[in-house]
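Hi,

Here is the structure I said I would pass on. Have a look at it first, and then read on for my notes.

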Amino acid sequence: MPVHTVTVRVPAKVNLQLSVGPREDDGYHQLVTVFQAISIFDDLVITKGEPGCGTSLSVTGDQTHGVPTDESNLAMKAASLIAKKCDIDIDAHMEIKKSIPVAGGMAGGSADAAAAILAIDSLYSLDLTRDEMNEIASQLGSDVPFMLSGGTAIGQGRGDQLTAALSRGTYHWVLALSTVGLSTPAVYTECDRLRAGLEIAEPQISDSLMQALLSGDSSQVGKLLVNDLQAAACSLRPALRLILDVGQEYGALGAIVSGSGPTVAFLVEDEDQGLDLAVALTASGVVGSVTRAYGPVHGAKVVDSR
Ligand code: C5P
């Protein structure tokens with residue numbers, strides 16, 4: 001039986017380390033980052049349509065505000081890149097069931113692009129290799145290759161050159177979400193502005209963080225969380241400092257702005273501490289909404305095919 005519909009589930013991410021080098025001539029920055037995929041998922045359902053109907057997209061769920069459904073959506077860009085590369089017509093509808101916060105620093109758009117690559121590969125039996133998928137992914141965005149792989153990984157270059165990282169145990173997170181997102185380019189620009197005139201060193205991987213992950217020492221990981229974009233995100237959104245303080249007061253192992261923000265991620269000891277912190281953050285009144293997650297989890301994967 002030919003396949004008609006494929007569903008791919010894809011996670012969100014947090015950056016345990018995000019070290020940003022100087023701005024390069026192309027506007028991008030050399031990064032050293034450690035990604036962890038966490039248990040907030042978007043589902044992308046792709047369904048074949050009539051020949052000639054073209055590719056279309058809809059977005060459903062609580063988290064749809066500000067998500068485009070035209071060619072500017074990364075999942076649509078993924079489809080047109082694959083159509084060109086493989087010389088096929090993609091006459092299909094994609095539905096993204098969104099749970100990953102939009103413009104939250106958790107790679108929601110990149111996750112959907114990764115999901116689209118895998119879904120199209122599966123629906124059209126393209127048998128793209130992992131390298132071919134990664135090449136398409138890195139053309140779509142710096143975080144997209146990681147959303148394909150998931151788990152825990154070191155990202156270098158623009159963040160798209162991945163090496164798997166060894167990590168033991170499960171890490172529990174409380175995430176403070178904002179109702180209004182932050183633009184990633186705007187946060188990088190603010191980072192450049194704040195660092196103007198300073199000598200910026202080449203970013204280096206934190207050996208102590210790698211060691212802490214290897215031994216599964218979450219309290220050590222909490223202390224070593226680092227994000228060079230945090231000052232810029234807080235400069236654009238000063239309320240983030242209050243949120244970081246509340247989490248630290250309530251004994252989180254570590255607190256960090258996720259990627260370019262504005263989501264704030266708190267590492268906690270276990271589910272019970274996570275629940276207590278979630279209640280405290282909600283009661284504090286400084287947070288839009290709170291959710292919990294754990295990591296690492298798998299990257300984009302086909303969960304249904306019929
Ligand atoms: O690669 P992606 O499209 O996700 O990047 C979004 C924006 O983030 C870029 O336009 C750029 O402003 C910034 N960026 C950067 N250096 C990186 C990755 C992203 O400056 N390594």
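P296 sits in the loop between β11 (289-295) and β12 (301-305), and the peptide bond that joins G295 to P296 is cis, with omega about 0°. Bear in mind that this is a predicted model, so please read everything below in that light. A second cis peptide bond turns up between G261 and P262, where omega is about 5°. P262 is again a loop residue, this time between β9 (254-257) and β10 (264-268). I flag these bonds because most peptide bonds are trans.

While you are checking the backbone, look at phi too. Most residues other than glycine have a negative phi. D87 has a positive one, near 55°, and A107 also has a positive value, near 65°. D87 belongs to the loop between α1 and β4 (92-98), while A107 is in the loop between β4 and α2 (108-123). Their surroundings are worth a glance: D87 has 71% relative accessibility and so counts as exposed, whereas A107 is buried, with a relative accessible area of 10%.

Now for the charges. How many salt bridges does a search of the whole structure find? The count is 7. Here are some of them.

R9 pairs with D43, and their closest N and O atoms are 2.8 Å apart. R9 is in strand β1 (residues 5-23) and D43 in strand β2 (residues 29-48), so this salt bridge ties together parts that lie 34 residues apart in sequence. On the accessibility side, R9 comes out as partly exposed at 32%, but D43 is buried at 15%.

D26 and R158 make another salt bridge, with 3.1 Å between the closest N and O atoms. This one links distant parts of the chain, 132 residues apart: D26 is in the loop between β1 and β2, and R158 is in the loop between β5 (152-157) and β6 (161-164). D26 is partly exposed, with a relative accessible area of 47%, and R158 is partly exposed at 34% relative accessibility.

Then there is E190 with R193, where the closest N and O atoms are 2.9 Å apart. Both residues are in helix α5 (residues 184-195), and because they are 3 residues apart there, about one helical turn separates them. Is each partner buried or exposed? E190 is buried, at 9% relative accessibility, and R193 is exposed, at 54%.

There is a network as well: salt bridges link D42, K98 and D112.

Not every charge is paired up like that. Which residues gather in a patch of negative charge on the surface? They are E269, D270, E271, D272 and D276. Taking D272 from that group, you will find it in helix α10 (residues 271-284). D272 has 58% relative accessibility, which is over the 50% cut-off, so it counts as exposed.

Next, have a look at Q17 in strand β1. Q17 is buried, with a relative accessible area of 2%, and its side chain has polar partners. One is the side chain of S19, in a polar contact at 2.9 Å. The Q17 side chain also reaches the backbone nitrogen of S206, at 3.1 Å.

Last on my list is S80, which you can pick out in helix α1 (residues 74-86). S80 is partly exposed, at 46% relative accessibility. Measuring C-alpha to C-alpha in the model, S80 and T55 are 8.5 Å apart in space, with their positions 25 residues apart in sequence.

If you want an order for going through it, I would start with the cis bonds at G261–P262 and G295–P296, then go to the positive phi values of D87 and A107. After that, the D26–R158 salt bridge is a good one to bring up on screen, as it joins loop residues 132 apart in the chain.

Cheers

Conventions
Residues are numbered from 1 along each chain as its sequence is written. This is a predicted model: local features need pLDDT of at least 70, side-chain atom pairs count only at pLDDT 80 or more; totals for chains, interfaces and linings use all residues. Side-chain values use heavy atoms; hydrogens and water are left out. Patches are made of residues with over 30% relative accessible area and no salt bridge: like charges are joined within 9 Å, nonpolar side chains (Val, Leu, Ile, Met, Phe, Trp, Tyr) within 5 Å. Accessible areas come from the Shrake-Rupley method with a 1.4 Å probe; for residues, only the protein chains shown count as cover. A salt bridge is a side-chain nitrogen of Lys or Arg within 4 Å of a carboxyl oxygen of Asp or Glu. Lys and Arg count as positive and Asp and Glu as negative; His and the chain ends are not counted. The place of a charge is taken as NZ of Lys, CZ of Arg, CG of Asp or CD of Glu. Helices (H or I, at least four residues) and strands (E, at least two) are DSSP runs, numbered from the N terminus. Buried means under 20% relative accessible area, exposed over 50%, partly exposed in between (1.4 Å probe, protein chains only). A polar contact is a pair of N or O atoms within 3.5 Å; within protein, one must be able to donate a hydrogen and the other to accept it, and residues adjacent in sequence count only if both atoms are side-chain atoms.
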